[in-house]
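Dear colleague,

I am handing over the structure below, together with some notes on what turned up in it. Please read the notes with the structure open beside you.

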Amino acid sequence: MSEKQKDARPIVIGIGVLVLVLCFYFFLLGARAIDLMTSGDVIGIGLGIGVLILPLLGVWMVVGALRSGIAHQRLARRMREEGQELDISALPKRPSGRIERDAADELFAQVKAEWEADPGNWRSTYRIARAYDYAGDRGRAREMMKRAVAQEKESGGS
């Protein structure tokens with residue numbers, strides 16, 4: 001496999017193990033909550049309701065994170081297949097592997113101009129999300145990636 005296409009199996013297995021561990025933990029929390037609620041004590045019932053909320057929130061967050069990750073990977077695969085993924089192979093990198101700041105800023109300026117020319121296209125929105133990430137602005141990168149996913153769904157996957 002090329003450097004760009006690393007084997008995803010260890011990551012998928014790791015995510016699966018984490019989800020299983022979280023499910024077990026949520027099950028234990030839920031069981032503890034039911035024990036507290038069936039105690040008959042007002043404080044126990046209140047604590048049980050509070051503890052029951054934790055696994056529900058946890059399941060909601062895990063499902064949301066998995067759905068987002070799958071959607072982002074789908075877009076990344078499509079961009080790679082179409083040859084539209086940002087090519088950063090020639091950009092100078094720090095010892096940590098991150099792109100040098102000046103190079104990331106230059107890449108961002110180029111991609112921003114492309115996006116401004118066609119902000120309704122999910123491909124240009126995906127590319128600017130990646131450029132934000134390379135420039136170190138993770139908040140905007142997540143925001144734009146959500147927008148790219150929504151635009152791709154609106155376009156019917158085309």
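**Where α2 meets α5**

In this model, which is a predicted one, Ala71, His72, Arg74, Leu75 and Arg78 of helix α2 are in contact with Met145, Ala148, Val149 and Glu152 of helix α5. Sorted by character, the residues of this contact comprise five nonpolar, one polar and three charged. Helix α2 covers residues 42–82 and helix α5 covers residues 138–154, and the two pack at an angle of about 75° with their axes 10 Å apart. Since angles from 65 to 115 degrees count as roughly perpendicular, α2 is therefore described as roughly perpendicular to α5.

**Helix α4 and its surroundings**

Helix α4 takes in residues 122–134, and because a helix is expected to rise 1.5 Å a residue, its 13 residues should span 18 Å, which agrees with the 18 Å found between its end C-alpha atoms. Of those 13 residues, 12 are buried, so α4 is largely enclosed by the rest of the structure. Among the buried ones are Trp122, Tyr126, Ile128, Ala129, Ala131, Tyr132 and Tyr134, but also Arg123 and Asp133. As for what surrounds them, the buried residues of α4 pack against α2, α5 and α3, the last of these being residues 101–117.

Both ends of this helix deserve a look. At the N-terminal end, Asn121 acts as a cap, with a side-chain oxygen placed 2.8 Å from the backbone nitrogen of Arg123. Just after α4, Gly136 adopts a positive phi of about 95°.

Is Arg127, a residue of helix α4, buried or exposed? Its relative accessibility is 15%, and because buried means under 20%, Arg127 counts as buried. Leaving aside residues up to four places away in sequence, Arg127 touches Met79, Gln84, Glu85, Leu86, Val111 and Glu114.

**Helix α1**

Helix α1 runs over residues 9–37, and at 1.5 Å a residue its 29 residues should span 42 Å; the end C-alpha atoms lie 41 Å apart, which agrees with that expectation. Within α1, the residues Phe26, Leu29, Gly30 and Ala33 are buried, and α2 is included in what covers the buried residues of this helix.

In going through the model yourself, you may find α2 a convenient place to begin, given that this helix meets α5 through residues including Arg74 and Leu75, is one of the elements packed against the buried residues of α4, and also contributes to the cover over those of α1.

With best regards

Key:
Residues are numbered from 1 along each chain as its sequence is written. This is a predicted model: local features need pLDDT of at least 70, side-chain atom pairs count only at pLDDT 80 or more; totals for chains, interfaces and linings use all residues. Side-chain values use heavy atoms; hydrogens and water are left out. Axes are lines fitted to C-alpha atoms, for helices over the stretch in contact, and angles run from 0 to 180 degrees between N-to-C directions. Helices (H or I, at least four residues) and strands (E, at least two) are DSSP runs, numbered from the N terminus. Angles under 35 degrees count as roughly parallel, over 145 as roughly antiparallel, 65 to 115 as roughly perpendicular and the rest as oblique. Contact means heavy atoms within 4.5 Å. Ala, Val, Leu, Ile, Met, Phe, Trp, Tyr, Cys and Pro count as nonpolar, Asp, Glu, Lys and Arg as charged, and the others, Gly among them, as polar. The expected span of a helix is 1.5 Å times one less than its number of residues. Buried means under 20% relative accessible area, exposed over 50%, partly exposed in between (1.4 Å probe, protein chains only). A polar contact is a pair of N or O atoms within 3.5 Å; within protein, one must be able to donate a hydrogen and the other to accept it, and residues adjacent in sequence count only if both atoms are side-chain atoms.
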